[in-house]
Amino acid sequence: MKTLKVKDIKGNLNEEVKLCGWVRNYRKASSKLRFVIFRDGSGELQCVAFKPDMGEENFEKVKQLTIETSLEIIGIPRKHPKFDDKFEFHLKDINIINSAIDYPIGKKEHGPDFLLSQRHLWLRSRKQNAIMKIRHTVYFAICEYLNNNGFYRFDSPILTPNASEGTTTLFKVPYFDLGSAFLSQSGQLYLEAGIMSLGRVYDFGPVFRAEKSKTRKHLTEFWMMDAEAAFVEYEENMQIQEELIRFVICTVIEKNKLELELLERDVEKLKKADSPFVRMTHKEVIDLLKSKGVDIDYNDDFGAPEEEKITENSDVPIFVEKWPKEIKSFYMKRDPENPDLVLGADLIAPEEFGEIIGGSQREDNYDILHNRIKSEGYDLKDYQWFLDLRKYGSVPHSGFGVGFERLVQWMSGIRHIREVIPFPRMINRINP
Ligand code: 4AD
Ligand code: MG
């Protein structure tokens, strides 16, 4: 007898097979008939337990089933009598592997706090399962695009001596006789070393920020994909980002129809976002915000409410370009047309999903960068290696970092970031 996955049922109809998984739910129709919704990770299957077909003894076992009990099912998959693309599994026998008694997540509505404390179990729900599948698609779509466009994977370290995104969100950890180290905020600085060997590189892994903000878009541990490319300047950097994001959108629409439907994601909105992205300078955005009555200044950064206003009438993401140097990181290159600005752009997603990418052309001049590091108050000895890159064969280069969970949020239409990572880490939560 073959052991199958639900997703492979279609090609194995009308023969006796076995599947392994869990009970999603069950329903008693009569004293002789029960329905069991079976799931195995690859999909769900409605099982029909009919006493005359199964025999008294096997039917008794079905009566023992509870929600989330793990089991093997043996029987015959058949076409659904009413729906062409659905299947039914006619049970002959089952083997209970482990009975789940009083599964804590029920059919009634639970609050987010309770669900988060049960995250290890909550992940089994239909909705969470769908989100994790979309996360999987987005991850591999990003890798596919980069692999096909000349980027080598280049893993950056997590324990680092230096800050890339300011010192206020650093996590400090004791580090033997050397004092302390920091958890990486972004692998970017290391990628800048990587490109001088490989030309184009990317990393993809967890980064850490001691964000004190409790918002629906912030985690203290999140995943970032940093990409970096030699001989790529400001303009081309944005073109790469746009192509990458549009590739991700198309891939998710193609591969996750079922999941998007289950999540009630408005796919038309995603389709509309697959069009040329809009560009606005930081100054234009401030003017726009002012015209909408926002109290904001030309040297201000944006919070979530401003980001939402920026894209409220746009179907596509907006690049906010050319920021005042004071509010951006030390490594960004100055705009040759206006030394008060930097050649950096943030990509803001529509539908209130906010900033999904931060990127820029990098400062490639030794002296300018040296002075920037000094004026930030950083210890030069920690950055000497980074400055070396401007000393031995420096080249124009650019890169960007995708906030992976923010992108998954947008693709799946999930309001809160805590649902798009298996085990969210937030200021007030480290468990489970
Ligand atoms: O804009 P950020 O800070 O850029 C960098 O770290 C650059 N070094 C990247 C680079 O050029 N290689 O972060 C990149 C993205 C943001 O646009 C945002 O989407 C996401 O990371 N992000 C967060 N996501 C979840 N929780 C947080 N606390 C985040 N902080 C930033
Ligand atoms: Mg940013």
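**Exercise 1. A salt bridge across the chain**

Is Glu235 buried, partly exposed or exposed, judging by its relative accessible area? Then find the partner of Glu235 in a salt bridge and say where both residues sit.

*Solution.* Keep in mind throughout that this is a predicted model.

Step 1. Start with the accessible area. Glu235 has a relative accessible area of 38%. Buried means under 20% and exposed means over 50%, with partly exposed in between. Glu235 is therefore partly exposed.

Step 2. Look for the partner. Glu235 forms a salt bridge with Arg279, and their closest N and O atoms are 2.8 Å apart.

Step 3. Place both residues. Glu235 belongs to helix α7 (residues 234-255), while Arg279 belongs to strand β13 (residues 278-281). The two are 44 residues apart, and the pair links distant parts of the chain.

Step 4. Check the partner in the same manner. With a relative accessible area of 31%, Arg279 is partly exposed.

**Exercise 2. A pair between two loops**

Which residue forms a salt bridge with Lys292, and which parts does the pair tie together?

*Solution.* Step 1. The partner is Glu312, with the closest N and O atoms 2.6 Å apart.

Step 2. Lys292 is found in the loop between α10 (282-291) and α11, and Glu312 in the loop between α11 and β14 (318-324), so parts that are 20 residues apart in sequence are tied together by this pair.

Step 3. Now the accessibility. Lys292 counts as partly exposed, at 28% relative accessibility. Glu312, with a relative accessible area of 47%, is partly exposed.

**Exercise 3. A network of salt bridges**

How many salt bridges does the count come to? Examine the one between Lys217 and Glu308 and find the network that holds them.

*Solution.* Step 1. The count comes to 37 salt bridges.

Step 2. In the chosen pair, the side chains of Lys217 and Glu308 meet at 3.5 Å, N to O. The cut-off is 4 Å, so this pair qualifies as a salt bridge.

Step 3. Lys217 lies in the loop between β11 (200-208) and β12 (221-230), and Glu308 lies in helix α11 (residues 304-310). They are 91 residues apart, and the pair links distant parts of the chain.

Step 4. Lys217 has a relative accessible area of 6% and is buried.

Step 5. Follow the links outward: Arg216, Lys217, Glu307 and Glu308 are joined in a network of salt bridges.

**Exercise 4. Tracing strand pairs**

Which strands pair with β2, and in which sense, parallel or antiparallel? Next, give the order of strands in the sheet that contains β10.

*Solution.* Step 1. Begin with β1 (residues 2-4), which runs parallel to β2 (residues 17-28) and is joined to β2 by three bridges. Here Lys2 has Val17 as its bridge partner in β2.

Step 2. Go on to β5 (residues 70-79). Six bridges pair β2 with β5 in the antiparallel sense. Find Leu19 and you will see Ile73 of β5 opposite.

Step 3. Turn to β3 (residues 33-39), which is antiparallel to β2 and joined to β2 by six bridges. One bridge partner to look for is Phe35 in β3, matched with Arg27. The connection from β2 to β3 is a hairpin through four residues.

Step 4. Now the other sheet. This open sheet has three strands in the order β8-β10-β9, paired antiparallel. Its edge strands are β8 (159-160) and β9 (172-174), each pairing on one side only. Strand β10 (residues 180-183) and β9 are joined by three bridges, and Lys172 stands opposite Phe182 in β10.

**Exercise 5. Around ligand 1**

Which residues come nearest to ligand 1, and how much of the ligand's area does the protein bury?

*Solution.* Step 1. There are 22 residues around ligand 1, of which Glu165, Gln188, Arg209, Asp226 and Glu355 come nearest.

Step 2. Sort the shell by kind: eight residues are nonpolar, six are polar and eight are charged.

Step 3. Check the contacts. An oxygen atom of ligand 1 lies 2.5 Å from a polar side-chain atom of Glu355. A backbone N or O atom of Ile356 is 3.3 Å from an oxygen atom of the ligand.

Step 4. Turn to the area: ligand 1 taken alone exposes 630 Å², and the protein buries 94% of that.

Step 5. Finish with the elements. Those giving two or more residues to the shell are β12, β17 (354-361) and β18 (397-403). The most come from β17, with four residues.

How values were computed
Residues are numbered from 1 along each chain as its sequence is written. Chains are lettered from A and ligands numbered from 1 in the order in which they are written. This is a predicted model: local features need pLDDT of at least 70, side-chain atom pairs count only at pLDDT 80 or more; totals for chains, interfaces and linings use all residues. Side-chain values use heavy atoms; hydrogens and water are left out. Two strands pair if DSSP finds at least two bridges between them. Buried means under 20% relative accessible area, exposed over 50%, partly exposed in between (1.4 Å probe, protein chains only). A residue is near a molecule or strand if one of its heavy atoms lies within 4 Å of it. A polar contact is a pair of N or O atoms within 3.5 Å; within protein, one must be able to donate a hydrogen and the other to accept it, and residues adjacent in sequence count only if both atoms are side-chain atoms. Accessible areas come from the Shrake-Rupley method with a 1.4 Å probe; for residues, only the protein chains shown count as cover. Ala, Val, Leu, Ile, Met, Phe, Trp, Tyr, Cys and Pro count as nonpolar, Asp, Glu, Lys and Arg as charged, and the others, Gly among them, as polar.
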